[in-house]
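User: Could you take me through one part of this model in close detail? I'd like to see how that part sits among its surroundings, step by step.

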Amino acid sequence: MTTVYDIPADMFIRQVAEELKKNPQIQPPDWAAFAKTGVHKEMPPENDDWWYMRAASVLRRIYTDGPVGIQRMRSVYGGKSDRGSSPSRFRRGSGSIVRKLFQQLEAAGYVSHGSEGRTVTAAGRSFLDNVANGLKAQATTVAPGLSKY
């Protein structure tokens, strides 16, 4: 069976975001339209569906790296902060966005919270593997080396 590891991340995240749009538990908050994704950014995201893309990316990251916590996810989504004439410095991403996404993914039943951090539940693993299996034919045309799976 095809898993998350077998599909290119960009294709996979786009498809999972489309599937998450159908879930009523995953909804962007009111402030998401004008919020920056971290202090290192100057403007909010231009993509209207950025909340679903980030949710898909976070879910994939929990699947591959779990158990993870909010601080580790903040580091993943951080970047260089432009400080003018001073050297750039790394800044972590928004903790509020990660926290709300974790809460929504937990409410949807895809993620569970344990003492070591968040992990993907059996339902979440099944959801992600089914999406990966559906993308298998499309992925083999993009990357022919994947056909052995």
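Analyst: D30 is exposed in this predicted model, with a relative accessible area of 76%. That residue belongs to the loop between α1 and α2. If you look from D30 across to G79, the two C-alpha atoms lie 25 Å apart in space, while 49 residues separate them in sequence.

Now step to the helix before that loop. The 13 residues of α1 should span 18 Å at 1.5 Å a residue, and the 18 Å between its end C-alpha atoms agrees with this. Its buried residues include M11, F12 and I13, and V16, A17 and L20 are buried in α1 as well.

The charged side chains come next. Side chains of opposite charge can pair when their charged atoms come close. Five salt bridges are present in the structure. One of them joins K22 to E19, with 3.7 Å between the closest N and O atoms. The two partners are not equally open: K22 is exposed at 62% relative accessible area, whereas E19 is partly exposed at 25%.

Another salt bridge brings the side chains of D49 and K21 together, at 2.6 Å from N to O. Because D49 lies in the loop between α1 and α2 while K21 is in helix α1, this pair ties together parts that are 28 residues apart in sequence. Both count as partly exposed, D49 with a relative accessible area of 29% and K21 also at 29%.

Moving on to α2, you'll find R61 and D65 in a salt bridge, their closest N and O atoms 3.2 Å apart. These two are four residues apart in helix α2, so about one helical turn separates them. R61 is partly exposed, at 27% relative accessible area, and D65 is partly exposed too, at 30%. Returning to K21 and D49, salt bridges with shared partners join them and E18 into one network.

From α2 it is a natural step to α4. The axes of these two helices come within 10 Å and cross at roughly 75°. An angle from 65 to 115 degrees counts as roughly perpendicular, so α2 is roughly perpendicular to α4. On the α2 side, the contact is made by W50, W51, R54, A55, V58, L59 and I62. On the α4 side, I97, K100, L101, F102, Q104 and L105 take part.

Let's stay with α4 for a moment. This helix runs over residues 95-108, and its 14 residues should span 20 Å at 1.5 Å a residue; the end C-alpha atoms are 20 Å apart, which agrees. Which residues of α4 are buried? They are G95, I97, V98, L101, F102, Q104 and L105. Besides α2, these buried residues pack against α3 (70-76) and the strands β3 (111-113) and β4 (118-120).

Both ends of α4 are worth a look on your screen. At the start, S94 places a side-chain oxygen within 3.4 Å of the backbone nitrogen of S96. After the helix comes G109, which has a positive phi, near 90°.

So, to retrace the path: the exposed D30 sits in the loop between α1 and α2, D49 of that loop ties back to K21 of α1, and α2 in turn crosses α4 at roughly 75°.

Methods: Residues are numbered from 1 along each chain as its sequence is written. This is a predicted model: local features need pLDDT of at least 70, side-chain atom pairs count only at pLDDT 80 or more; totals for chains, interfaces and linings use all residues. Side-chain values use heavy atoms; hydrogens and water are left out. The expected span of a helix is 1.5 Å times one less than its number of residues. Buried means under 20% relative accessible area, exposed over 50%, partly exposed in between (1.4 Å probe, protein chains only). Contact means heavy atoms within 4.5 Å. A polar contact is a pair of N or O atoms within 3.5 Å; within protein, one must be able to donate a hydrogen and the other to accept it, and residues adjacent in sequence count only if both atoms are side-chain atoms. A salt bridge is a side-chain nitrogen of Lys or Arg within 4 Å of a carboxyl oxygen of Asp or Glu. Axes are lines fitted to C-alpha atoms, for helices over the stretch in contact, and angles run from 0 to 180 degrees between N-to-C directions. Angles under 35 degrees count as roughly parallel, over 145 as roughly antiparallel, 65 to 115 as roughly perpendicular and the rest as oblique.
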